[in-house]
Amino acid sequence: MSRRVGIGVIGCGAIADLIHLPAYKETGHAQLLAVCDIDEMRAKSTAKKFGIEAWYTDYEKILERKDVDAVSICTPNFLHCEQAVAAAEAGKHVFVEKPMATTLEECDQMIRSCEGSNVKLMVGHNERFNPTNEKIKEILDEGLIGTVFEIRSHISYGGPYEGWPAVSDWFFDIGKAGGGCLIDVGGHVFDVFRWFVGDVQSVSAFLGSLAKETKVEDNAMVLLTFRRNAIGECDISWTYKGFENSREILGTEGGIFVGAAPSPIAVYTEKKVPEALRGLLHPTFPVSLAEQIAYQKKKISHFIETIMEDKEPFVTGYDGRAALEIVLAAYKSARTGKVVCLPD
């Protein structure tokens, strides 16, 4: 494909405004042709902000355009399947934000539709594009720490409307989101865990709405076993004062520690640290949103690359499905109080 890839973006919320639209504008190989949002004013203002000629309130209008080669689906989770299938049937390549869907049946339908229409399907698990995780993968592939037997992750932020500038309230609606912090953030962790260690064998989870007045969980802890004789743990929070994305990986010949140095102790606080504690504590302030998402634009340029070079996306529909399978197993474990083995 010698010409630029024609792009339509469905959904004009924060993920589109902060990542998808700027990234498409910055790459020299994409042409933003249209945006869509059910909020007419938001669709119109987004189009104006990014210099896009066409805007719609019905996403099917984007799919009818012959000059649109691919779409980014940036809508609430419960809409992903319907819109991805419609896009595939219209012959458009599909980038769908995570989670891929809210059920495994929807994931399977999306995969079948895209494969049947011979279009690309990429899922927005952006942690694979995080430079830190890229370096960890290199270290693991070189065998520098031997065989991995234990992996831990801590990924936490303030959640929607505090750490993430969502523009509507769907994140706290279980019917639209499918859950809370676990389905929002957990998929990122599980996708990276699979990339590092391989497939998960069993899941045990503990969830709670502990600090926010919401019907979905705002904190989660998940324990995993892997098929290659390793164990894992991750804790996820929407109630963190700051932003944390740390890793600890133990192998038979060494270990990798990211954001988990034993000293000095990092404290997120706006209060003055007493002089007596200054040698022990290192006061810092929450990581800015811009710093948190800087690397995420790489997933957009990769998506364009897969279309132009006709190659498999780095994060496929099967990867998106596998991450969601772990998330759903964690919800079942928390609900039943039992360990859930995969496939369930």
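Here are some notes on the two sheets in this predicted model and the helices packed around them.

1. Let's start with the parallel sheet. It is open, has 6 strands, and runs in the order β3-β2-β1-β4-β5-β6, with parallel pairing. The edges are β3 (54-56) and β6 (121-123), each with a pairing partner on one side only. If you want a number for the twist, neighbouring strands here are turned by 20 degrees against each other on average, ignoring direction.

2. Now zoom in on the β3 edge. Strand β2 (residues 30-36) pairs with β3 in the parallel sense, over 3 bridges. For a landmark, look for valine 35, whose bridge partner in β3 is tryptophan 55. Helix α2 (residues 40-49) packs on this sheet and touches both β2 and β3. The direction of α2 makes about 165 degrees with that of β3.

3. The other sheet is also open, but with 7 strands and mixed pairing. Its order is β12-β11-β7-β10-β9-β8-β15. Here the edge strands are β12 (254-258) and β15 (340-341), and each of them pairs on one side only.

4. At the β12 edge, β11 (residues 244-251) and β12 run antiparallel and are joined by 5 bridges. Leucine 250 is a handy residue to click on there, as glycine 255 in β12 stands opposite. Helix α6 (residues 131-141) lies across β7 (148-156), β11 and β12. Relative to β12, helix α6 runs at about 180 degrees.

5. Helix α11 covers another part of this mixed sheet, touching β8 (200-208), β9 (219-226) and the edge strand β15. Its direction makes about 55 degrees with that of β8.

6. Which helix does α11 (residues 317-336) pack against? That would be α5 (residues 104-117). The axes of the pair are 10 Å apart, and the angle is about 175 degrees. Anything over 145 counts as roughly antiparallel, so that is the label for α5 and α11.

7. Finally, the residues behind that helix contact. On the α5 side they are Leu104, Cys107, Asp108, Ile111 and Glu115. On the α11 side they are Gly317, Tyr318, Arg321, Leu324, Glu325 and Leu328. Sorted by class, the contact has 6 nonpolar, 1 polar and 4 charged residues.

Technical notes:
Residues numbered from 1 in each chain as written. Predicted model: local features only at pLDDT ≥ 70, side-chain atom pairs only at ≥ 80, totals over all residues. Heavy atoms only, no water. Axes fitted to C-alpha atoms, helices over the stretch in contact; angles between N-to-C directions. Helix = DSSP H or I, 4+ residues; strand = E, 2+ residues; numbered from the N terminus. Parallel < 35°, antiparallel > 145°, perpendicular 65-115°, else oblique. Contact = heavy atoms within 4.5 Å. Nonpolar A, V, L, I, M, F, W, Y, C, P; charged D, E, K, R; others polar. Pairing = 2+ DSSP bridges.
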